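Let's take a walk through one helix and then visit the ligand. Have the sequence and the 3D view ready to turn as you read.

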Amino acid sequence: MDMPTPDLATLARRAEIVAALRTLVTADSVIDDPVALRVFESDALTAYHQVPLATVLPASTEEVAAVLRWCTTNGVKVVPRGAGTSLSGGALPLADAVLIGMSKLSRVLEIDYDNRCAVVQPGVTNLAITRAVEARGFYYAPDPSSQIACTIGGNVAENSGGVHCLKYGLTTNNILGLEMVLPDGEIVRLGGKGMGDSGYDLRGVVIGSEGLLGIVTQVTVRMLPAPQVARALLIGFGDIEDAARCVAAVIAAGIIPAGMELMDRAAVNASEDFVHAGYPRDVAGLLIVELDGVPAECDFLCGEVENIARGNGATSVATSTNETERLRFWAGRKAAFAAAGRLAPDYFCIDGTIPRRELPHVLREMTRLSGEYGLPVVNVFHAGDGNLHPLILYDSNEPGMLETAEALGGDILRLCVAVGGVLTGEHGVGVEKRDLMCDMFGDDDLDQQRALKAAFDPAGLLNPGKVFPLLHRCAEMGRMHIHGGKLPFPDLPRF
Ligand SMILES: Cc1cc2nc3c(=O)[nH]c(=O)nc-3n(C[C@H](O)[C@H](O)[C@H](O)COP(=O)(O)OP(=O)(O)OC[C@H]3O[C@@H](n4cnc5c(N)ncnc54)[C@H](O)[C@@H]3O)c2cc1C
């Protein structure tokens, strides 16, 4: 994976850039010490590292605006960063770019119970929002597994999801308004506390834009009343394809569970070895379905889901009878990624989304691809949303293994697109899937997306090298018809 070649002239101006930044924010908010900068060299896509030119930690919207204005006027690139938990390399620094970290903007500014919303700064962690309102019986619904660490600014940029997004929607469905600083330093407000807005839905455009359009400095989030009761079902299947069919059947019956997660045998055993949640080990697939609402509705739906599961070949069904048991049912799922980390020195977490009815076919094909590439794949994913997270196990110490894992991941994502799905469900494109964009979009689509970015960031200084393939045309990336063995554009490098 290649990044844009660093601009030597910018690198030569490093001391001048650092000195200028120190006039815009408090001096200790600019980090240029090479050792201290190592903290920022990677995000959760740890296969890639790059120390930034410098890091700035602004403490207010005005400081963000001042830094962005200076960088744009002086042609310096910028990479925004929240907590650095991105799994697609969205926060990966560039050698010739200033990293702007949002960690000092970490206050809950307002809780408005009358309007059921809260106004928070971008560096507030996802979980801290719920913690701030739970005493009054409210919560913030999107719940990425990383919620203890990831920030709401990062969630906005990635349109993050989580277990409960099946029923309550992704980040985009739970954000009412944004304050954002444009690359030229202008501060804009998109949306607000109310539902309606005039003009285009620019709030919707910015959510999921991966730090390419502006830096979000304030977020108005929707608060939901916590459900009266929640129950979870642990459903075992002898054949994982039966489990996949059951997922589609539950939704087809008109039931939208609060969460519906599927784990394969390898994931079940890894979790069981790690946290001992009491999962049945003799299953090929384990479905965790959560229903919430008022008690009568919940009890009725638990019965309905059990019937559908048994009709689709379930071999065991257990329903939680109290909160301790419900949390135990979830404990293995919540620890599944960490548990998979014990199976091999490295894993590569893929994120693609497919229509639910394609789950059996895609699971079968992934098993075939795993065998073909000789790398084990562990599956634990948001089955209700059709959002797959195959974990490809590999050892980066073995020469060439990272590349093999990436090639397998690429084929899995192409498979998602081929069955009518998309390249990402919640982790974003970043650098990880950048060069697969041509498998999803044609030249015209990508040109329109670039035009949209240019409307916000005409100089292309915000988070360059992410999302868009480095070469300009899809044909240049290699998605082309080769006639008579002749490769078009033979002089172009292919990544
Ligand atoms: C163990 C683990 C589990 C995870 N589980 C989930 C999951 O269940 N669901 C899910 O969706 N994701 C998950 N993730 C991925 C990650 O946590 C999310 O993408 C998260 O939203 C990133 O937030 P962050 O604050 O760490 O952002 P960063 O990683 O710092 O940045 C992510 C992107 O947002 C941009 N950005 C950050 N802040 C701003 C801002 N204020 N303005 C503009 N752009 C900004 C960055 O430039 C970058 O492109 C998981 C990650 C890990 C490590």
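Turn H14 so that its buried side points away from you, and the exposed residues Arg368, Gly371 and Glu372 come into view. Here a residue is exposed if 12 or fewer other C-beta atoms, placed from the backbone, lie within 10 Å of its own, buried if there are 20 or more, and partly exposed in between. This is a predicted model, where local features need pLDDT of at least 70, side-chain atom pairs count only at pLDDT 80 or more, and totals for chains, interfaces and linings use all residues. Residues are numbered from 1 along each chain as its sequence is written.

Now flip to the other side. Leu359, Val362, Leu363, Met366 and Leu369 are the buried residues of H14. Seen down the helix axis, they fall within an arc of 125° (taken from the directions from the axis to the C-beta atoms), so they line one face of the helix. These buried residues pack against helix H9 (240-252), strand E18 (377-381), strand E20 (390-394) and helix H15 (401-418), a contact being two C-beta atoms, placed from the backbone, within 7 Å. Helices (H or I, at least four residues) and strands (E, at least two) are DSSP runs, numbered from the N terminus. Just after H14, Gly374 has a positive phi of about 70°.

On to the ligand. Among the 36 residues around the ligand (C-beta atom, placed from the backbone, within 6 Å), Gly82, Gly90, Gly153, Gly154 and Gly211 come nearest. Strand E3 (77-81), helix H6 (152-158) and strand E10 (215-222) are the elements that each give two or more residues to this shell. H6 provides the largest share, 5 residues.
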